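Open the model in your viewer and keep the selection tool at hand. We will go from stop to stop, and at each one you get something to pick and something to look for.

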Amino acid sequence: MSLITLQDVSLSFGGAPILDKVNLQIEPGERLCLVGRNGEGKSTLLQLLAGSLPHDSGRVIRSPGLKSAQLAQEVPRTIDGTVYEVVAGGLGELFTLLARHHALGVRLAAGESGPVMTELEEVTHLLETAGGWQAEQRVDTVLTRLAIDPDQRFADLSGGMKRRVMLARALVSDPDLLLLDEPTNHLDIDSIAWLEEFLTTTAGCTLLFVTHDRLFARRLATRIVDLDRGQLTSWPGSYGDYLRRKEELLAVEAEQDKKFDKKLSQEEAWIRQGVKARRTRNQGRVRALLKIREERAARRNQTGKARMQLQEAEVAGKLRVRAENISYRYGERQLVDDFSISILRGDKVGIIGPNGCGKTTLLQMLLGRLTPQQGTVHLGTNLQVAYYDQLRAQLDEERSVADNVGDGNDTVMVNDQPRHIIGYLKDFLFTPDRARSPVKILSGGERNRLLLAKLFSRPANLLVMDEPTNDLDVETLELLEELLLDYQGTVLLVSHDRAFLNNVVTSTLVFEGNGRIQEYAGGYDDWLLQRPQAEPTATAKTSPRKTKPANTPTVRKLSFKERRELADLPKRIEAMEAEQQTLFTAMADPTFYQARAAEAATMQARLENLETTMEGAFQRWEELEAVANAEAGS
């Protein structure tokens, strides 16, 4: 039975519908990735599914007793208490017992005894009866892996840390349906990797998530749900399959719109002829034109792509930054220890490390804004820095979008040419009305685009970006990647977006613990290949291995059975690809989950099985081909 079913659901806030008679079914065990441009209404849909937002029309059918948990983009302002209390609050009825047990344990550790010990024994017995220890273990595991101090006051945390705590609260609640809105924001790479493993290995976890992290989507999603201009479409299979087939669909749509507009233009030219159009025999054609006009007026075009461009400052000298043996300690923690580097014009350097390791401290020293406690930093001549702050502190919440970029002026200078501020902001997908709105009403994605607009309105030859990818949609992310690749200046990039690092940086600085920073060539995947591997065990080192002399190599030959297998593999793979495409086509039909709900789970399982089998078949084909080629060349 479906956990949630939407039937012809509509929702609007006065303008174009956010949801326009949409249909959706969420089956147990699915991991759905909800995709769409910034502002399409993804967060709104999650609120509706969570039951915190009413819909205008249609039906929302929930499975009886459905338990859901949600991580929203905005942190609730009414939550108070310690971090442990907030996280354990996600456990529902067990929360009170665990909170009491935790508080009593703290008092006991502080030296209290007597009544405290007696009360602790009573609470312990109640927890054992209710099966609370497994729940407490979930709380402790999540707090540890997300690096959260359980005894801190929630109100004292930064916005990013509060989101971490709310993510932990959602994860420990063990819901039937988990709704996550940008769960990887403010997580470091190790935490993201743990979250991926946690969500994929948790039995019975049904998940609907929104993310800008393309690698996260590729590894988790079993089905893609696309929200585009008020319509929901379902795309079974992997995220990569969705991207390819969505591009094909948009190409077909663009061609159909082109033909439609051409016909409309021809009919408009005909009607302007006047007398001929008023003849009786042409009244049918006039009515047809009116209908075409109505169709054109009702059509919602896809949101355009941002047209961002970077301004490069005057180039002067090859050196941008040279650090020699710099160190910095904060209290007992060594953040940077004896680090040296030369950063030249055109370098694009990524910085990787766990939260709190000292990445921002390193940036501040490299920019000359923080003096190292040991060592020296030399800056290049005529250095013009543009700094992207992940906390968006450069934005004034009370001023308008236009005032934040133009500082009260009507124009900005772009490549030495004046541009009106409204036209400039249109390139960043801000309508004139939105450009005059205060920043405090903007979504997370809009704020990031605004900060990019502010950053790119001034020339720079050193671009420093601290987590620029949070909340951006995939199209804007890809455009930003292209800009950075074409940029001739120097880039320092702090990011936990692994795909973004792979696509942009030329080298990577990795914090490896105790202030040690190591430089590696390439992006995130290159670092994984180059990083030091764990030493083999003593058994492995000393175990005898039978090796053949180097001067007597042997070439393995294919057996008769393997030759038959090699000949049959292409046909088998072709048949599996055909079956996969048939399943894709059937499940992509918007009415599929209503008309054939009973088959959905079976067909989804078959798709996953096909993907695994095909991967193994391709690998086997490569192995046998390699043996056959070696045999032919011997």
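Start by selecting Asp181 together with strand β7 (residues 206-210): the bridge partner of Asp181 in β7 is Val210. Keep in mind as you look around that this is a predicted model. Now widen the selection to all of β6 and β7, and you will see the two strands pair in the parallel sense over five bridges.

Next, add β5 (68-71) to the view. β5 and β6 also pair in the parallel sense, here over four bridges. To find one of these places, pick Ala69, whose bridge partner in β6 is Leu178.

Stay with β6 (residues 177-181) for a moment and switch on a surface. How many of the five residues of this strand are buried? Five of the five are, so β6 is largely enclosed by the rest of the structure. In a regular strand, side chains alternate between the two faces of the sheet. Colour the two sides of β6 separately: Leu177, Leu179 and Asp181 lie on one side, Leu178 and Leu180 on the other. Both faces are covered, as these residues are all buried.

Now step back to Ser63, in the loop between β4 (57-62) and β5. Is Ser63 buried or exposed? Its relative accessibility is 16%, and because buried means under 20%, Ser63 counts as buried. Select what surrounds Ser63, leaving out residues up to four places away in sequence, and you will find Met1, Ser2 and Leu3 touching it.

From that loop, move on to β4 and the sheet it belongs to. This is an open sheet of three strands in the order β2-β1-β4, with antiparallel pairing. Its edge strands are β2 (19-26) and β4, each of which pairs on one side only. From one strand to the next, the twist averages 15°. Select β1 (residues 4-11) with β4 to see their antiparallel pairing over five bridges; within this pair of strands, look for Ser10, which stands opposite Ser57 in β4. Then show helix α1 (residues 42-50), which packs on the sheet and touches β1, β2 and β4. The direction of α1 makes about 125° with that of β1.

The next stop is a pair of helices. Select α3 (residues 94-109) and α5 (residues 132-145), whose axes come within 11 Å and cross at roughly 70°. That crossing angle makes α3 roughly perpendicular to α5. Show side chains for Leu94, Leu98 and His101 of α3, along with Gly132, Trp133, Ala135 and Glu136 of α5, since these residues make the contact. Coloured by class, the contact has four nonpolar, two polar and one charged residues.

Now go to Glu196, in helix α7 (residues 189-201). With 6% relative accessibility, Glu196 counts as buried. Setting aside neighbours within four places in sequence, Glu196 is in contact with Leu215, Phe216, Arg219, Leu220 and Arg498.

Finish at helix α11 (residues 359-366), which is mostly covered, with seven of its eight residues buried. Which ones should you highlight as buried in α11? Pick Lys359, Thr361, Leu362, Leu363, Gln364, Met365 and Leu366. Then move just past the helix to Gly368, where the backbone takes a positive phi of about 80°.

Key: Residues are numbered from 1 along each chain as its sequence is written. Side-chain values use heavy atoms; hydrogens and water are left out. Buried means under 20% relative accessible area, exposed over 50%, partly exposed in between (1.4 Å probe, protein chains only). Contact means heavy atoms within 4.5 Å. Two strands pair if DSSP finds at least two bridges between them. Axes are lines fitted to C-alpha atoms, for helices over the stretch in contact, and angles run from 0 to 180 degrees between N-to-C directions. Angles under 35 degrees count as roughly parallel, over 145 as roughly antiparallel, 65 to 115 as roughly perpendicular and the rest as oblique. Ala, Val, Leu, Ile, Met, Phe, Trp, Tyr, Cys and Pro count as nonpolar, Asp, Glu, Lys and Arg as charged, and the others, Gly among them, as polar.
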